[in-house]
Amino acid sequence: MANVTVIGAQWGDEGKGKIVDWLAERADVVVRFQGGHNAGHTLVVGGTTYKLSLLPSGIVRGTLSVIGNGVVLDPWHFRDEVAKLAAQGVTITPDNLHIAETCPLILPFHRDLDGLREDASGAGKIGTTRRGIGPAYEDKVGRRAIRVCDLAHLDDLAPQLDRLCAHHDALRAGFGEAPIDRDEIVAGLREIADFILPYARPVWLTLNEARRRGDRILFEGAQGVLLDVDHGTYPFVTSSNTIAGTAAGGSGLGPSAAGFVLGIVKAYTTRVGSGPFPTELEDAIGQRLGERGHEFGTVTGRKRRCGWFDAVLVRQSAAVSGITGIALTKLDVLDGFDELRICTGYTVDGRPFDYLPPHPQDQARAVPVYETIEGWSESTAGARSWADLPAQAIKYIRRVEELIRCPVALVSTSPERDDTILVRDPFAD
Ligand code: GDP
Ligand code: IMO
Ligand code: MG
């Protein structure tokens, strides 16, 4: 297995960016395959913090980075993010970053619609990032999208714009909004096309060539399995498939390319946005987890909801995503607790469940069944070897492995790149 697919196994923000950056040293190419700039991946390298939303995390090391066809691309955001990273000294050129020619574009009216729907939803809102992700995916599946390759054919855009505007103008009228200004959209696309087109490539072809050469491909998932549009806490999910299986379709490689599926798992649980969260702690312990873990969203700055580790959810994620092994992150955040709890099952109206039932009302009513495990007073922060971990922390890790039925491959003990314990090299598997 020369390749590794990194995915989030919870509700996102598990520390995928840090782990992808760490693994990128061993990879020849890093590929994003779904989502868009709703993601927020934070890397800390020698005290410098890099925040990436759309660009693959491998770019910080200079590893060849690819934005696959499964990603929805906001071209103006792309330009801004390239400029922001360039200002931090990261070199990004069409030589080390490729964008699939078939990526659907996120346009300004997608962002408008995302916000209009959220504002109109009151208590039922999803709590999206308001970046137009859902509406852009709707247009892709509805066969109305404008894609990266269309930027080279802007004079032929009229029939596509007709269909797109007919659809969106009807929706906009329902919200009391003016129709789309077509000239403004075309002028915007003309202005951005020269910046985007040099990066546009048949990435399915270059990735297949890389695979034939035996290059190591590292797939970087965004969001997490519980935000997957099929397997997550629907409708409080994102609009793409976030599971490992998407790596192939979202990049143009066959399913056997996924290789070692590395699930990134936070040592406790967080969620940003609305939706069920059985182990959520709205008390001093939740507050403490949030403060110790600096749990604020990278993209929106929103406070993340915090709770105990939910082994039921991660076991389910591991199963539906075919996770081979996990990277357990933010173990250090649990330092200093007298005792820790792990959710091992639920009851819904007295009925026991060893998985999350599909209906949102049942999910909202799920009462966790906990087991309590002794904490540790020593610090794990910055630990770089198994031998540095207190015995009780090792017990916690072993119990997690047992409950989720998956071995630990990596442990992360701080935001810093090298504060990482390698247990089993995913690339060597
Ligand atoms: P991603 O979306 O999965 O890439 O995760 P985010 O970057 O949104 O959120 C994870 C946050 O935790 C970031 O601020 C990381 O710098 C930080 N982080 C990652 N691993 C660790 C760790 O092991 N310990 C601590 N304390 N922070 C970590
Ligand atoms: P990373 O890659 C955490 C959440 C939003 C909202 C829901 C739908 O950093 O882990 P969307 O804008 O995608 O339509 O919002 O999904 N969400 C994330 N939560 N981490 C993310 O990405 C997320 N991307 C989207 O908060 O609940
Ligand atoms: Mg994030």
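Trainee: Which residue has a polar backbone atom 3.3 Å from an oxygen atom of ligand 2?

Mentor: This is a predicted model. A polar contact here is a pair of N or O atoms within 3.5 Å, and the pair in question, at 3.3 Å, involves an oxygen atom of ligand 2. The protein partner is a backbone atom, and it belongs to Gly-127.

Trainee: How much of the accessible area of ligand 2 does the protein cover?

Mentor: On its own, ligand 2 has 550 Å² of accessible area. The part of this that the protein covers is 98%.

Trainee: How far from an oxygen atom of ligand 2 does a polar side-chain atom of His-41 lie?

Mentor: Two side chains can be taken together here. Asn-38 has a polar side-chain atom 2.9 Å from an oxygen atom of ligand 2. For His-41, the distance from a polar side-chain atom to an oxygen atom of the ligand is 2.7 Å.

Trainee: Which residues come nearest to ligand 2?

Mentor: There are 20 residues around ligand 2. By class, this shell holds three charged, seven nonpolar and 10 polar residues. Those that come nearest are Asp-13, Lys-16, His-41, Thr-129 and Thr-238.

Trainee: Which pocket is the space taken by ligand 2?

Mentor: The pocket in question has about 810 Å³ of space. Its lining consists of 43 residues, and Ile-126, Thr-128, Thr-129, Val-237 and Thr-238 lie nearest its centre. The space that ligand 2 takes is the largest pocket.

Trainee: Which helix gives the most to the lining of the largest pocket?

Mentor: Helix 3 (108-120) and helix 4 (133-141) each supply at least two residues of this lining. The helix that gives the most does so with six residues, and that is helix 4.

Trainee: How many residues in the lining of the largest pocket are charged?

Mentor: The lining divides into three classes, with 18 polar and 15 nonpolar residues in two of them. The charged residues number 10.

Trainee: Where does the second largest pocket have its centre, in terms of the closest lining residues?

Mentor: About 580 Å³ of space lies in the second largest pocket. Of the 25 residues lining this pocket, those closest to its centre are Thr-42, Gly-293, Arg-304, Lys-330 and Pro-415.

Trainee: Which elements give two or more residues to the lining of the second largest pocket?

Mentor: By class, the lining of this second pocket has nine charged, 12 polar and four nonpolar residues. The elements that give two or more residues to it are helix 1 (16-24) and strand 3 (41-45).

Notes: Residues are numbered from 1 along each chain as its sequence is written. Chains are lettered from A and ligands numbered from 1 in the order in which they are written. This is a predicted model: local features need pLDDT of at least 70, side-chain atom pairs count only at pLDDT 80 or more; totals for chains, interfaces and linings use all residues. Side-chain values use heavy atoms; hydrogens and water are left out. A residue is near a molecule or strand if one of its heavy atoms lies within 4 Å of it. A polar contact is a pair of N or O atoms within 3.5 Å; within protein, one must be able to donate a hydrogen and the other to accept it, and residues adjacent in sequence count only if both atoms are side-chain atoms. Accessible areas come from the Shrake-Rupley method with a 1.4 Å probe; for residues, only the protein chains shown count as cover. On a 1 Å grid over the protein atoms alone, a cavity is a set of points where a 1.4 Å probe fits but cannot get out, and a pocket is an open set with protein on both sides within 12 Å along at least five of seven lines; lining residues have an atom within 4 Å of a point. A molecule sits in a cavity or pocket if more than half of its atoms lie within 2 Å of its grid points. Ala, Val, Leu, Ile, Met, Phe, Trp, Tyr, Cys and Pro count as nonpolar, Asp, Glu, Lys and Arg as charged, and the others, Gly among them, as polar. Grid points are joined across faces, edges and corners, and a volume is the space filled by probe spheres set on the points. Helices (H or I, at least four residues) and strands (E, at least two) are DSSP runs, numbered from the N terminus.
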